[in-house]
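Q: Got a minute to walk through a model with me? I'd like to go over helix packing, ring pairs and a few single residues.

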Amino acid sequence: MKTILYVVGARPNFVKAAPVIQALAGDQDIRQVIVHTGQHYDPALSDEVLHDLGFPLPDRFLGVGSGTHAEQTGKTLIAVERALIDDRPDLVVVSGDVNATLAAALAAAKLCIPIAHIESGLRSRDWSMPEEINRVLTDRLCEILFTHSPEARDNLTLEGIEATRIHHVGNTMIDSLRRFEGPARMAEAWRSVGVEPGTFVLVTLHRPSNVDDDERLAAIVSALAELARSVPVVFPIHPRTAARLEASGGDERLAGAGIQCLGPLGYLDFLSLELAAGAVLTDSGGIQEETSALGIACYTLRANTERPVTLTSGTNRLLGDDPTSIAAIRPSPAGPPARIPLWDGHAGERAATVLAAAVSELGTGARLSVPT
Ligand code: UD1
């Protein structure tokens, strides 16, 4: 029996890892262990999303919580190392680009445990983004790199990563989307918000570059208020953003402009609103992909994206650094879903096949390089 240990910490990790864990659930030769670092701990960001995804209960909850980047990454590194020493996995799986991803990969690499990375090779080339640092460094540490787009594969090749380590399996986030699209549609979350399908703009913003600078946040709030004069705006607000809005009085300005400000939503409720939206304004990475897969217009409030396939083959448009263009967004009917190879709902199964083959090739016995 071989052990695969998954480290998850934040909301997008759950959505990306779930299809792989599900695909390996019936394998009698593999024990799956789940470690939740606790980077996201609010029920709306963690428990509700895990519940909606039918995610197995984590075997360990490390309770790392919030902090500066160094605090969060450092605490996770120490706590994950302890979990790895206790659980002695044959392989560690990380996903995405959050602080938990890099910390877990570093802990495993120092223990000489092979690592697989779901969503490898994305590059914004913007080193002011904490996620870019996490992506590049994580990929350097991994034996198995799962990519979801040709650009991601090419980035890894250009960085000198051997072709045998790169596995182009497709997009596991789209697996989750396809699996839950039906129930999300039936949930009709727009009803409780009081908007009609196809008529509203759905907004999510949480990047430090947009919300941590008071002047920029104020400009965004003004542009959203202007937008709300023409179309209904629904804004489920991330805790990071909520704290900044509250501190600056932006929350009152948004409410005063008639914007529907909500707390963070569970996976199904958010997907339900996304499916019904006439357009989406975001700075999230995953939402650029989901809207492309659904054919819903996406406007990304960033100067760059690590997901260029959503620009060339999907529905995504970069708004750049100027928030004033937000006011011109208008709902439009959903178009055909983007046809991106291997964004077909089966990426998790392909990744699971690679992982099962990899662990069956590993020799038996502990592979840790430090005394326990
Ligand atoms: C993190 C990821 C980001 C991802 C996002 C998805 C990093 C560097 N960033 O950003 O890539 O897109 O998750 O949501 O890993 N907070 C709470 N409750 C929680 C978690 C956070 O209130 O459960 C608040 C705290 O004030 C915290 C702040 O949000 O300091 C930021 O949380 P953090 O996990 O550091 O980063 P995110 O902005 O969530």
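A: Sure, here is a run through those topics, one at a time.

Q: First, what kind of model is this?
A: This is a predicted model.

Q: Start with α1 and α16. At what angle do their axes cross?
A: Roughly 60°. The axes of α1 (residues 11–24) and α16 (residues 347–361) come within 8 Å.

Q: And what does that make them, oblique or roughly perpendicular to each other?
A: Oblique. The range for roughly perpendicular is 65 to 115 degrees, so α1 and α16 fall outside it.

Q: Which hand does the crossing have, left or right?
A: Right-handed, as α1 passes α16.

Q: Which residues meet there?
A: On the α1 side, Pro19, Val20, Ala23 and Leu24. On the α16 side, Gly348, Glu349, Ala351, Ala352, Leu355 and Ala356. By class, that contact of α1 with α16 has 8 nonpolar, 1 polar and 1 charged residues.

Q: Now α1 and α7. How do they pack?
A: At an angle of about 80°, with their axes 8 Å apart. That angle lies between 65 and 115 degrees, so α1 and α7 are roughly perpendicular to each other.

Q: Which residues of α1 and α7 meet?
A: From α1 there are Pro12, Val15, Lys16, Ala18, Pro19, Val20 and Gln22. They meet Thr172, Met173, Asp175, Ser176 and Arg179 in α7.

Q: What classes do the residues of that contact divide into?
A: The contact of α1 with α7 has 6 nonpolar, 3 polar and 3 charged residues. Pro19 and Val20 of α1 appear here, and Pro19 and Val20 also meet α16.

Q: Switching to rings. How many aromatic pairs turn up in the whole structure?
A: A search finds 2. One is Phe14 with Phe55. Their ring centres are 6.1 Å apart and their planes stand at 65°, so the pair is edge-to-face.

Q: Where do Phe14 and Phe55 lie?
A: Phe14 is in helix α1. Phe55 is in the loop between α2 (47–53) and β3 (60–61). The pair therefore ties together parts that are 41 residues apart in sequence.

Q: Are those two buried or exposed?
A: Buried. Phe14 has a relative accessible area of 0%, and Phe55 has 8%. The cut-off for buried is under 20%, so Phe14 meets it, and so does Phe55.

Q: And what about Phe180 and Tyr267?
A: The rings of Phe180 and Tyr267 are edge-to-face, because their planes are at 85° and the angle for that class is over 60. The centres are 5.9 Å apart. Phe180 sits in helix α7 (residues 172–187) and Tyr267 in helix α13 (residues 267–276). The pair links distant parts of the chain, 87 residues apart.

Q: Buried or exposed, those two?
A: Phe180 is buried at 10% relative accessible area. Tyr267 counts as buried at 8%.

Q: How much of α13 is buried?
A: 8 of its 10 residues, so α13 is mostly covered. The buried residues are Tyr267, Phe270, Leu271, Ser272, Leu273, Glu274, Leu275 and Ala276.

Q: New topic: backbone. Which residues have positive phi without being glycine?
A: Among them are Glu119, with phi of about 80°, and Glu188, with phi near 45°.

Q: Where are Glu119 and Glu188?
A: Glu119 lies in the loop between β5 (115–118) and α5 (130–141). Glu188 is in the loop between α7 and α8 (189–193). Glu119 is buried, with 8% relative accessible area. Glu188 counts as partly exposed, at 28%.

Q: What about Ala25, buried or exposed?
A: Exposed, at 57% relative accessibility. Ala25 lies in the loop between α1 and β2 (30–36). The C-alpha atoms of Ala25 and Glu226 are separated by 49 Å, and the two residues are 201 apart along the chain.

Q: Last one: Leu102. What does it touch?
A: Asn134, Leu137 and Thr138, not counting residues up to four places away in sequence. Leu102 is in helix α4 (residues 99–110). Leu102 is buried, with a relative accessible area of 10%.

Q: And how far apart are Leu102 and Leu77 in space?
A: 8.6 Å, C-alpha to C-alpha. In sequence, Leu102 and Leu77 are 25 residues apart.

Notes: Residues are numbered from 1 along each chain as its sequence is written. This is a predicted model: local features need pLDDT of at least 70, side-chain atom pairs count only at pLDDT 80 or more; totals for chains, interfaces and linings use all residues. Side-chain values use heavy atoms; hydrogens and water are left out. Axes are lines fitted to C-alpha atoms, for helices over the stretch in contact, and angles run from 0 to 180 degrees between N-to-C directions. Helices (H or I, at least four residues) and strands (E, at least two) are DSSP runs, numbered from the N terminus. Angles under 35 degrees count as roughly parallel, over 145 as roughly antiparallel, 65 to 115 as roughly perpendicular and the rest as oblique. A crossing is left-handed if the near helix is turned anticlockwise from the far one by less than a right angle, and right-handed if clockwise. Contact means heavy atoms within 4.5 Å. Ala, Val, Leu, Ile, Met, Phe, Trp, Tyr, Cys and Pro count as nonpolar, Asp, Glu, Lys and Arg as charged, and the others, Gly among them, as polar. Rings of Phe, Tyr and Trp (its six-membered ring) pair if their centres lie within 6.5 Å; planes under 30 degrees apart count as stacked, over 60 as edge-to-face and the rest as tilted. Buried means under 20% relative accessible area, exposed over 50%, partly exposed in between (1.4 Å probe, protein chains only).
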